[in-house]
Structures are given as structure tokens and as C-alpha cells.
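Good morning, colleagues. I would ask you to look at the model on the screen while I go through its fold, its core and a few selected residues.

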Amino acid sequence: CVDLFGGAGAGKKDYTGPTKRGGGGEFSQMRVDYILATEPLARLAKQCYVSDVPECETASDHYPVVAELDLELTT
């Protein structure tokens, strides 16, 4: 498997937890969420990033990791 964030990651932030809501000083900023793909699928990854839009602060205690894939069909 390939870690998509490692290959296509160009996000503003490289950690997924915790959000501001997710805890106090005992929690460190760390990457705890991943998107893994097979080699062929990983080649289609255009971008991968950690989303930190305001809604993410209260939806979970982790920021979501988003992968954009080029799934355009060719003939």
C-alpha cells in the first residue's frame, strides 16, 4: 500500500489530531489518520490534504484527510 498523503500531500497542515476542541496540553499535534491505496490507484492521486475548515473543529476530534483522484475516463 501507498500512503497518499506522503506522495501527494501538499496541505497547509500535516497533522490530523487533535482539533482545537479535541483536548488540552496533554495532546500533541500528530498525524493519526491515513489514506492508503494500491500502487495503480496512488498514481491517480492529484492532491491529498488535511482539511481544517471551521466545520471540522466540531465534527470530530480529528481533522479529515482528503484525497483528490483523477478518475477521468479515457477512450
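Throughout this talk, contact means heavy atoms within 4.5 Å. With that in mind, C56 touches T19, S51, Y63 and P64, once residues up to four places away in sequence are set aside. I shall return to several of these partners. Please note that this is a predicted model.

Let me begin with the overall architecture. The protein chain contains 3 helices and 4 strands, and along the sequence these follow the pattern β-α-β-α-β-α-β. Of its 75 residues, 25% count as buried. The accessible surface comes to about 5,200 Å², and carbon and sulfur atoms account for 53% of that area. As for contacts with a separation of 6 or more, 65% of them are between residues 24 or more positions apart.

I turn now to the interior. Which residues make up the largest nonpolar core? There are 10 in all: L4, F5, Y15, A37, A42, C48, V50, C56, Y63 and V65. Helix α1, residues 4–8, and strand β3, residues 45–50, each supply at least two residues of this core. C56, with which I opened, is one of its members, and so is Y63.

Next, the surroundings of C56. One of its partners, S51, lies in the loop between β3 and α3. Is S51 buried or exposed? Its relative accessible area is 12%, and S51 is therefore classed as buried, the cut-off being under 20%. Leaving out residues up to four places away in sequence, S51 touches C56, Y63, P64 and V66.

Another partner of C56 is P64, which is located in the loop between α3, residues 56–59, and β4, residues 65–69. P64 has a relative accessible area of 35%, so it counts as partly exposed. Beyond its neighbours up to four places away in sequence, P64 touches Y49, V50, S51 and C56. P64 and Y49 are 15 residues apart in sequence, and their C-alpha atoms are 8.4 Å apart in space. V50, which P64 also touches, belongs to the nonpolar core.

Let us consider helix α3 itself, where E57 is found. E57 is buried because its relative accessible area is 14%. What joins the side chains of E57 and Y63? A polar contact of 2.6 Å does so. Y63 is thus a point at which two parts of this description meet: Y63 is a core residue, and the side chain of Y63 takes part in the polar contact with E57.

I move on to the surface. L41, L44 and L71 form a nonpolar patch there, with about 250 Å² of accessible area together. Within this patch, L44 sits in the loop between α2, residues 39–42, and β3. L44 is partly exposed, since its relative accessible area is 34%.

My last residue is Q29, in the loop between α1 and β2, the latter being residues 36–37. Q29 counts as exposed because its relative accessibility is 56%, the cut-off being over 50%. Apart from neighbours within four places in sequence, Q29 is in contact with Y15, G17 and P18. Q29 and P18 are 11 residues apart in sequence and 6.2 Å apart in space, C-alpha to C-alpha. Y15, also in contact with Q29, is one of the core residues.

Thank you for your attention.

Key. Residues numbered from 1 in each chain as written. Predicted model: local features only at pLDDT ≥ 70, side-chain atom pairs only at ≥ 80, totals over all residues. Heavy atoms only, no water. Core = buried A, V, L, I, M, F, W, Y, C linked by side-chain atoms within 4.5 Å. Buried < 20%, exposed > 50% of the residue type's maximum accessible area, 1.4 Å probe, protein only. Areas by Shrake-Rupley, 256 points an atom, 1.4 Å probe, with all protein chains shown as cover. Polar contact = N/O pair within 3.5 Å; in protein donor to acceptor, adjacent residues only side chain to side chain. Patch = residues over 30% accessible without salt bridge, like charges linked within 9 Å, V, L, I, M, F, W, Y side chains within 5 Å. Salt bridge = Lys/Arg side-chain N within 4 Å of Asp/Glu carboxyl O.
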